[in-house]
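Here are some questions about how particular labels in this structure are justified. Each reply sets a value beside its definition.

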Amino acid sequence: MLNQALNDLRANAGQVYDVQDIKLRRGPISITLSGGKLAFFSPLRDRVTGAVFIGSGHVIATPRDPAERLSMARFLEVPLLDQPFSRALFRFTDDTGEQLQKSLQESGAVAGSDPSFARAWDQIISTANPWQSKRILAEWLSTDVPPYFYAGLFKETGSFDVIVDREREEQVSIGQTRVVGDDTFYDTWASFPLPGVPRAEDSFAPVDYTLDTTVADDLSLRGHTALHLRALHPGGGVITLELSRYLSVDECTDGEGKPLVFFQNEDVSRREMMRRGNDQILVVLPAPATAKEEFHIAIRYHGSVISNAGNGVYYVGARGTWYPHLNVADSFASYDLTFHWPRKLRLVATGNSVETHEDQGQRSGRWRSAVPMAFAGFNLGDYHVQTLGENPKISLFASQEMEEALMVRIRTNSGTLIPPSDPSIRRGDIQIPIEPPPPSPAALLKNLGASILDSVRFFEKANGSFPFDHLDVSQVPNMYGQGWPGLLYLPTMVFLNSGAQQRAGANVQVQQELNEVMPFHEVVHQWWGNVTVPASYRDTWIQEAVANYLALWYTDSKSPGEHFMTRWLTRYRDGLVVKSGKEGKSGGILADAGPLSLGLRLDSSRTLGDYGPIIYGKGSWVIHMLRMMLRDPQAPDADARFEQFLHFVLTEYRFKTLSNADLQKSVEKFMTPAMDLEGSHKMDWFFEEWVQGTSIPHYVVEFKSRPLGTDFLVTGKLKQEDTSEEFTAPVPLYVARTALKPVFLGTVETLGKETAFRFRSHIPVSKILIDPNMTVLTR
Ligand SMILES: [Zn+2]
């Protein structure tokens, strides 16, 4: 087997060279081997695909992109890669082998046998090989996969990777695996495209998926997935699919039922999971695809991906990888799902239920997508069901009981005082410890359903009509929610009343999150995340930020007197400007961890816990700032333009991917003259500062006021701190009045450290308020 042969490759002990001053250049990467020993891998199919080195070496790389230089500095204290190393493992399919050979010949290096040198590498090579083998195999068995170069560089403090791979969208990647406590991270120090090299394109796109899935009484799963694929260009010979490592593939066949060679999960390194997201299988086609060819493959698998959280609360642990699917950004396809499951349970799935029946102690059902779906999901349990509404019809599925972990927490807290805000105890009553019956998630279904339906109506105003004809809301344990096409996962806690939430340990803030944000955030994902999906990891914040912000907006609209939006925006801002005590970030604030466009890279060992505050908190602020700028307080519907903008994006990118550039173009269609700070009819300033940048400005105002006729002339300067010289923002100033609403004075378009202004006021000015309505994120 070719794959096995690749995995078995080792350094050639018979030819170990003494080397001196060898230089390798790969794009912006310069590697120098100053002195030491080097051996090549044994050839396979007449090709040498690796070399190892021990001695003294040095690597230098400088990314051009300022955001990537900042990222580098976050990990290395300096904005470039400039590191010595004492060992190197090179793998490649480009001309690295020839180049090294040439340098050795030119320097007259002689080779000798050195078994101990080769042996020192055996363990490292055998661990590193499977991932490299997959990459080499994909290239050798295709005609459209370009060559790559990899260097694993080792120094005393650990190893790091330098990758230049033209198959990737961002061809250059530098980073390392790092363990902190029990968690393993892959820290990407920098990732960027090679200048002038076109971005690699996916070889295949999904057309449709036909799944047949059987869930046994013990919750184990047997599945069969038939994939109908399309080749996007000629040459692809290997199909990479994602599938949970808890499912093992039994068989893989082509459209005629002939077996196909496949590889699964020999090594699933954390690095690979970080890059690709999940576990992989590689399916080898009999021959590379021809242009626009459509074909079928089928995969049979079995394993355990459904967990029992106790008391009949089940969940699909593998979330998106319970069936094999292509990992491409534009994953929209039709789905035809058939399930067979134990009779005592109910099953909900994405798509329209077209048929259910029961035989031999088993239930079966079929669901088909009415519109393209980016992914498919299901949930099952011993559910109570409540149905309400129409277009969409909302069905809620909740267990009579809650998962064991939650039950334990509630039992432990059963004697807690119920505060007087609980409707069961009248205000002023003496509080006595009471032992209420265990709460039931199924009890509150009607209320939850009604507020979800109400939120759908609210969101339809901005997003357009609900994308599916129904919405199934189902219970999952733990504290996460997820929005599948026409199907929500909401944590058990959301189904409980406030008293039960308290007994389960939810403090006020967690309760607000559970009751005021989470269900509606997941509802918004029905559009933002299912109608349009992120184009890359750099664009995922958009879906999260819009989902979160619209959820806040909905709850705010329900009780305008409670200043709910102000409370959440304040909480998010406080979270972003909090001093960060993390390593390598002395004196900084949390928001310095990185820009929104880093996406999941924010989940690094150096920025523990910063992903959430930035993606959800700062993300919400960015959408809020757009809304504030698009707002017309004089218009009958002040937010009409903002809503038109959202609707436009969802129409333009319906069942397509959405990138930061797409979003910017869409804002530019609706921007007002006041938003044109650079006079270019572009929103570059906004996206560079808030999406690609990390600054959060601080403002101080200095002014003088003197009478001018019946008015007052106000002159002064607005100081802008903690930003670059290019930072610009429209900052509104208001005149403060005792016991009265502040009066708008004027907007200062800031630039750099300070900006002078000159305004006329009808009223005397003794105090100026900077942006009291929170239209700009400041510290
Ligand atoms: Zn979300």
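Q: What makes E98, K102, Q105 and E106 of α3 exposed rather than buried?
A: The model is a predicted one. Exposed requires over 50% relative accessible area, and E98, K102, Q105 and E106 meet that label on the other side of α3.

Q: Which residues of helix α3 are called buried?
A: T96, G97, L100 and L104, in a helix that covers residues 96-106. The label means that each has under 20% relative accessible area.

Q: How do you know that the buried residues lie on the same side of α3?
A: Their arc around the axis is only 100°, so they fall on the same side of α3. In general, an α-helix has 3.6 residues a turn, so residues three or four places apart point the same way.

Q: What do the buried residues of α3 pack against?
A: They pack against β1, β2, β3, β4 and β6; contact here means heavy atoms within 4.5 Å.

Q: Why are β25 and β28 said to stand at the edges of their sheet?
A: The open sheet has five strands in the order β25-β26-β27-β29-β28, with mixed pairing. β25 (383-388) and β28 (482-484) each have a single partner strand, so one side of each is left without a neighbour in the sheet.

Q: What makes β28 and β29 a pair?
A: Pairing needs at least two bridges, and β28 and β29 have three, in the antiparallel sense. They therefore count as paired. G483 has L488 in β29 as its bridge partner.

Q: Which helix packs on this sheet?
A: Helix α9 (residues 508-524), which touches β27, β28 and β29. The direction of α9 makes about 160° with that of β29.

Key
Residues numbered from 1 in each chain as written. Predicted model: local features only at pLDDT ≥ 70, side-chain atom pairs only at ≥ 80, totals over all residues. Heavy atoms only, no water. Buried < 20%, exposed > 50% of the residue type's maximum accessible area, 1.4 Å probe, protein only. Helix = DSSP H or I, 4+ residues; strand = E, 2+ residues; numbered from the N terminus. Arc of directions from axis to C-beta. Axes fitted to C-alpha atoms, helices over the stretch in contact; angles between N-to-C directions.
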